[in-house]
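Me: I should like to go through the side-chain interactions of this structure one by one. Please give the reasoning for each reply and finish on the value or name requested.

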Amino acid sequence: MQNMSESQEQLARTCLFPSAINTNVSQDLNSKGHTREGQEGSVRASLFPSAGATKKIVTEDEKPQAETESGDNDLETLRLTLPPSAINAIIAAQSAHGQIISEASGSFLENSDRRDNPFANAEKLSSDHTSDEDVAVQEDEIKERVKRKMKKHKHKHKHKKLKRDYRSESPPLLADAKPVKIPAGAVFFEDIRGLRAEHAFHIDRKKNKDLWHYQSISSRHISKYKSFSRSCLGNSNIMLDKKEPNKHKKSADLARYFGRVGLRQIHGKGTALKIDVKKVLSGAEFIPIPKSSDQSLPRKELDGASYSCLDQATSLYVQGKGSDYSNNADSEAADRDFVMDEIFEKIRIFNQRTRNEPQNVRLWLEFVAFQDVVAQREKTKAAGLSQTLSLGEMYRPTKSVIEKKLAILEKAVESNPSSLELKLAQLALYQDIWETDKLEKAWEDLLFVHSGKADLWREYLARQQCSSLQGFTVSRVVKRFHKCFQTLASVMDGQVKVIQKASDIEEQTIGIFSQYCSFLHMSGYTERAVATFQALIEFNLHCPSSLNLTSTRDRAVQFEKFWESSTPRFGEEGAKGWTKWAEQKSKGIQQSVSFVDVSTEEEEDAIILEQLPRSQTWIKMEKLRENSHILPWRPDALKDETEDSAEDPERLVLFDDVAPTLFRLTKSESCLRIVCLFLKFLGMPSATLNERIQQWEQEKGGSKFEQYLGIKVSQFPQLSQCNSANDMEKELPVQKQLLVLLNNAVKQAESYFSLSNRTFFTLLRLDCNILEHGAKTVSEVPSSGVKDIKKFGKNLLKESQNRNNLILWDTYIRLLWACSDKIAETVSMVETALGMFMGTHNTTDPEKKYGVCCLCLTYCQILLNFEPLEHIEASLRRSAPTQHDKRQVMRCLGALVENKVFKPGSATEISPAYILKIRSLFHKCISDYAYKLQMTNSNICQLFCILTDCFALFEYCASNFKKASDSYESARLIIQKNEQDNSNLHGLSSITRKNLHLRQLSFTMNMLQISIIPIETVRKVINNGLTEFPECSKLLEAFIKLEERSHIAGRLRQFYYRSLRNATDLSVPLFAVVSEMKRHEKIVATTSIDHDIAAASSTESNDTGIVHRLRSVFETVLSLSVSNHSPLLWRLYLYFEFKYGSETKAKGILYRALQSCPWAKCIFMDGISLFGDSELQEMTDLMTEEEIRVRMPYEELDLLLTAEKEEPDNDEIVKEESGNEDIVKEEPDNEDIVKEESKNDTDS
C-alpha cells in the first residue's frame, strides 16, 4: 500500500507540474528507502521548477551544507507538507479531469512568471509528448515578439516609465481550485465570478517605490471620513490636532459615508448600556458591554469568530459572500425597523403630522418652538467639542434658527392664510431681521385689516413697549396706545364696521387700559396714570342718565367741563361723582373744594443733612417724591392759582392727556373690574381682591401680558421671604395720602354697586382697616390693633344693610378666629349665628345658601381643630378632635343638607342609617348644583365648591381620611363630565376644578397637623393640582415649602424643567427663581456660623455649584417669551450677579435689562444704586433722552448740595457765638451813622 500511495503521489505531481519531469530525475519514487524529507523535496521541485533545475534535493546528511549555500534564498529551502487528504483529492481530480488540470496549471505558471522572466514561456511543456524542436521554435517566436513590443513602447513613450499591468490571476492554493482570470474593470471581488474568499488576494512583486520618497501613503489611497470628536478613542485625554486649512488653496472636503445608509447610522438611536454593578464593585478590570438584542443581524460564525457586531453587508463580506443589491426588501425592512435619535425622530414626526394636518395651527407653532430645542442641542455639542459657550450665547437664537422658523411659518401661512397666530409669529421673528420702518408698515397693514381685534392690538402695543433702547421714547408708545383706544371705541360704538365684533371686546380693552396705566407708572408718570383711572371710572360709573345712549365722542365733550372744574374726583375726599356735579350745576349750585398738596421740603432737607454720597442722596429724594406725589396737582381756585403755578409741569394732567383713553362700558361686570384694577394699581394687599382679578384673567386669558404690569416684591409674598429681594426693594411705610385714597375709593364703590358686589367692597373695607395698622394680613396685626379691628367689624355688622349678610358674618368670625386666642368666644358667636339663620333661609337663593354653608364650614373646622390656610405652615402640631366633636360636626352638616334648625347642645344619636341618608342627600345636592353650573354663574361655582368641602368633613367624621379625599376626586369628575357635554363651560369649570384642588390641599394640610398621614399623600395632592394647573401660585408655594425641607431639589427641578417649556404666564418662571434662591440662601446659612460670616465669605466662594445653577436658571427664564420682559426678574438677576458675581458681568446684565425693558425706571435706579456716582450722570441723561420722568434733575441736586456746603453748620455758629461773648463791641453813635448815610447818598 505504501508503494501504491507513493506512485499515486508521483502521478499527481506529474499531471499538475509537467516541467518537473525534466528537472527532478534524480529521485526514484518507487524505492523502498524513500523518506518523508525526500517526498517534500520532490513536491518542492514540482511546485518550483526553476529551483529544481539547478539544485538537487538536499538529504539529511547534506542539510547543514545546503543551508549555508542557500544564503538568503528562502524559496529553495521552503518546507511544504501535504496532508494525505490533499493528496487523495489531487488524485481524484486527476483521474476525472487530468487533461484540463494540466492545461490550467501550465497557463497559471506561464502568467505568474511572465513579469519577471519574459522567456519563462520557453519552459512551458505540454503534458503529452512535446519535441525539442517545437520548444525551440516557440522560444524564438516569443523572443521576437517581446523585442518588437519593447521597441515600439520605447519610441512611443520615451519620457515615461514602462507601465505594466499589475493585475494577475489569483494563484490557487488548493488542488481542486481553478485559476480565475481577473477582468480589467473589476473593483470588488463580487464582480469576479467563481472567485472564492480564500483566493481573493494578489501577489505584488513590484515594490512601492513612492514610499522611499514620501513619508506616507498618498491621500488618494486613504478613505475619507468625517470625525465628530477630537479625542482619541479609548483615551479622552489625548487630543488630536486639527490640520490647519490652506489659505491659498480651497479644497472641497470629501465626505464619504454620508449616503442614505451612513446618515441612518449617524442619526440612529444608540444602544443603552447597562452596567453590572456587582462586577464593577468586585474589582473587574473592565466594564462588560452587553450584546446587541437586534435579531435582524446575522448570527453565523466562522472559525469560532462571531460577526454579530457587524451590519449585514460587512458580515457577508467577511464570510466571502456578496450582497444582492437587486433585492431591496432587506433595505425596506431595515427602514421600517430603524429607530432614529430622539431629536431626529421628533422632527420626522413633526414633518409627517404637518403634511397630514396642514390646518392645525397649534401644531405648526409647536414645530416652530421646537427649533429652539434643536438649536440648543447643537450648541451644546459644539461647545463640548470646541469651546465653552456663555449662557447668553446658548439661549440667544441664531440667524439660521430664525430662517428655519420663517421657512416653517411660510408653509404654515400658505395652508392657513387667515390665521392671526401664524402672522403674529412671523412678525415676531421679523422684528430681529427687518428694519424698523418696514416692520412698522407690516403691523399697520395687519391692523388696518383687523382693526376690531383687541388681542391683536395688545400684541402690537407689547412689541412697541419692549422695542430696542435706541428707538424707544415714552411719547411714541403713548401715541400708539391712544390710537388703539380711539379705534376700539369706534368699533364698540358701531361707528367702524367690522366683519365680526368679538363678544369680549370690552374685557380685552380693559386689559389694554390696565397695561397702559402700568406703563405710565413704570415710566415715572404716576399722576397721569391715577388721573386716567379716575377719568374712566367717572366717565362710566357716574355718567348722567341723559348721556347713557350717546356715543363716546359726544359724552367726552360734556365730560370735559366736569374735568376742568375743581370738583373732587373718584377716590378723593368729598367726591360725589359726575352725576351729582351735573345736577348741582343745573340748579346753579357751584361746589369748590381747595386742593391740599403734599410738601416734601422737610424730608428733603433731612436727607441732605445726612451727607450721603451723591448717588444715594439722589435715590432717596427721587423715591420720596414718587411715594408722596400720587394724585395729580390741580390749581387751587381759593388761592388764585393757575396752571402756570405748578412747580413740576408733569404733575399737571390736562383733559387732552386723558381724553384719548375714554371709552364706554355697557356691562356692570366691566365696571366692577375697572374699579378692582384701580385698587390693585394703588397697591392694596387683599387676598379677596387678588382672587377676583386672577379669576377674570383666567377666564379671558390675559395672564401672558402679566410681565408688562410691573409686579413689585411687596405684591409677591413668596419673594419677600428671600433676603436678596428685600435688599433690592426695601418696603416703605404706606403713605397717609395713599390710605385715604384707598378708603375713599372703596367706600364710593360700595355705594355704587349692589347685592353681591356691594358685599365684596364691604369685605375690602375690612382689609383697608387692617392696612391702616401697618399689616397686610390679620395675623400680622399687633396686639394693640386687634381691639380696634374687632370694633370696626362690629360696627360694620350693625349697619342696616349688613345685619343679615351671612358672608360678612362668616368673614368677621374667621377674623376673630385668626387674631384671637379665645376659641370659646369664637365658637359661641358662630353658634349664635347658626341658631339665627340655619333652617330659615330660602334654598332657591344661592347667596343665602352660600352664606349658611360658609358658617357651617367655619364652625366644623373650629371643632375639628383646623386652622385658617394662612396659619397652617406657622402653627405647631395640634391635638386630634374627640368623638364628641366629630358627632357635633355630623349633626351640623346633617342639619345643613336637610335644611333644618341646628341646636348645638342637642344629643341626637348618629346611627348608620342616618349617615347613609345624609351621604345620599349630599350626593344629590352636589349633582344638582353641578348641573346648575351650565347657567355660568360664579355664585353657583362657589356654592358647589363649599358643598364639596362640607361633604369631605362629613366623610372624615363618619369614616376616614381616604373617603374624604375621594369626595374631591368625584366632584372633579362630575365637572369634567359636564364640560365634555357643554363646551361653553370651559372657563367656569376650569375655575371650579382649580378651587377644588386648593380646598383639598387646605384639608390635607390640616389633617397633617392633627393626625398621622404619610407625606407622600400631601405630595400626591400637590402634584395632581400642578399637573392640571401648573401656574397656580398657591399650589406652587405649597410645593416649594414641602420640598425645601430636604436638601434634595430633584423634584423641584424636574417639575420646573417640564413646566418652563409650556409656561403661559409669569408665575412658573418666578417660582423657579424663588426656589433656587431659597436653596442658595439655605446653603450659605448652613455653611457659615452666622449671617455676618456668610456675608463676608460670600465673595470668597462665588464659584460654587449652586451659584452657577442659579445663574443658569436666570438665563433660562429670561429667554422665555412670557418672562423675558419682566423688570422684576431682570432686577433679581442684576442684584444676584452684583452680590455673588463680578461687577463687570453685573454691568453687562444692567444694559441687557435696559434693552429688554426700556420703560422700567426702576432698572435705571438700580444701576445708580449699585454702581454709585460713576453711573449717576449717564443714567439720568439716558432717562431724559428716553423721556422717562426724572423728578429730581441732576442740576437741581447740584444746587441743593452746593447751597448746603455754603451754609455754615449750626455747631460752628454756636461755637462762634460762644467765643465772642467776652468781646465788647463799641456801638457807633447816632451822629456817626447819620454822617455815613449822607456820605453814601452823595456818592450815589
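Me: Over which ring does the charged end of R528 sit, and at what distance from its centre?
Reply: The model discussed here is predicted. A charge counts as sitting over a ring only if it is within 6 Å of the ring centre and within 35 degrees of the ring normal. The charged end of R528 is placed in this way over Y525, the distance to the ring centre being 5.2 Å.

Me: Which residue lies over the face of F539?
Reply: The distance from the ring centre of F539 is 5.2 Å. The residue found over this face is R555.

Me: Which residues is E650 in contact with, leaving aside its neighbours within four places in sequence?
Reply: E650 belongs to the loop between α26 and α27. Its relative accessible area is 35%, so E650 is partly exposed. With its neighbours within four places in sequence left aside, the contacts of E650 are Y525, R528 and R1189.

Me: How far apart in space are E650 and W633, C-alpha to C-alpha?
Reply: In sequence, E650 and W633 are 17 residues apart. Their C-alpha to C-alpha separation in space is 8.9 Å.

Me: Which residue forms a salt bridge with R651, and is that residue buried or exposed?
Reply: The closest N and O atoms of R651 and its partner E527 are 3.8 Å apart. R651 lies in the loop between α26 (614–628) and α27, and E527 in helix α22 (residues 526–541), so the salt bridge ties together parts that are 124 residues apart in sequence. R651 has a relative accessible area of 7% and is buried. The partner is E527, which at a relative accessible area of 0% is buried.

Me: Which residues are linked with E527 and R651 in a network of salt bridges?
Reply: The structure holds 41 salt bridges, and the one between R651 and E527 belongs to a network. The residues linked with E527 and R651 there are D648, R1189 and R1191.

Me: How many residues apart in sequence are E507 and K667?
Reply: The side chains of E507 and K667 meet in a salt bridge, at 3.4 Å from N to O. E507 is in helix α21 (residues 505–522), whereas K667 is in the loop between α27 (655–658) and α28 (668–681). E507 counts as buried at 11% relative accessibility, while K667 is partly exposed at 34%. The pair links distant parts of the chain, its separation in sequence being 160 residues.

Me: What is the relative accessibility of K917, which forms a salt bridge with E898?
Reply: The closest N and O atoms of E898 and K917 are 3.0 Å apart. E898 is in helix α37 (residues 883–898) and K917 in helix α38 (residues 912–932), with the two positions 19 residues apart in sequence. E898 is buried, with a relative accessible area of 18%. K917 counts as partly exposed, its relative accessibility being 40%.

Me: Why is the ring pair of Y968 and F1003 tilted?
Reply: The count of aromatic pairs comes to 44. In the pair of Y968 and F1003 the ring centres are 6.1 Å apart. Planes under 30 degrees apart count as stacked and those over 60 as edge-to-face. The planes of Y968 and F1003 fall in neither range and the pair is therefore tilted, the angle being 45 degrees.

Me: Which helices hold Y968 and F1003?
Reply: Both residues, Y968 and F1003, are buried. They are 35 residues apart and link distant parts of the chain. Y968 is in helix α40 (residues 961–981), and F1003 is in helix α41 (residues 986–1010).

Me: Which tyrosine is part of the aromatic cluster that includes F472 and F481?
Reply: F472 and F481 belong to one aromatic cluster, whose members include F485, F513, F519, F533 and F570. Further members are F663, F678 and F681. The tyrosine in this cluster is Y516.

Me: How many disulfides does a search of the whole structure find?
Reply: A disulfide requires two cysteine sulfur atoms within 2.5 Å. For C854, the nearest cysteine sulfur is that of C853, 7.1 Å away. For C950, the nearest is again that of C853, at 5.4 Å. The search of the whole structure gives a count of zero.

Me: How many of the 20 residues of α45 are buried?
Reply: Helix α45 (residues 1067–1086) reaches 28 Å from its first C-alpha to its last, close to the 28 Å expected. This helix is largely enclosed by the rest of the structure, because the number of its 20 residues that are buried is 14.

Note on methods
Residues numbered from 1 in each chain as written. Predicted model: local features only at pLDDT ≥ 70, side-chain atom pairs only at ≥ 80, totals over all residues. Heavy atoms only, no water. Phe/Tyr/Trp six-rings, centres within 6.5 Å; stacked < 30°, edge-to-face > 60°. Helix = DSSP H or I, 4+ residues; strand = E, 2+ residues; numbered from the N terminus. Buried < 20%, exposed > 50% of the residue type's maximum accessible area, 1.4 Å probe, protein only. Expected span 1.5 Å × (residues − 1). Salt bridge = Lys/Arg side-chain N within 4 Å of Asp/Glu carboxyl O. Contact = heavy atoms within 4.5 Å.
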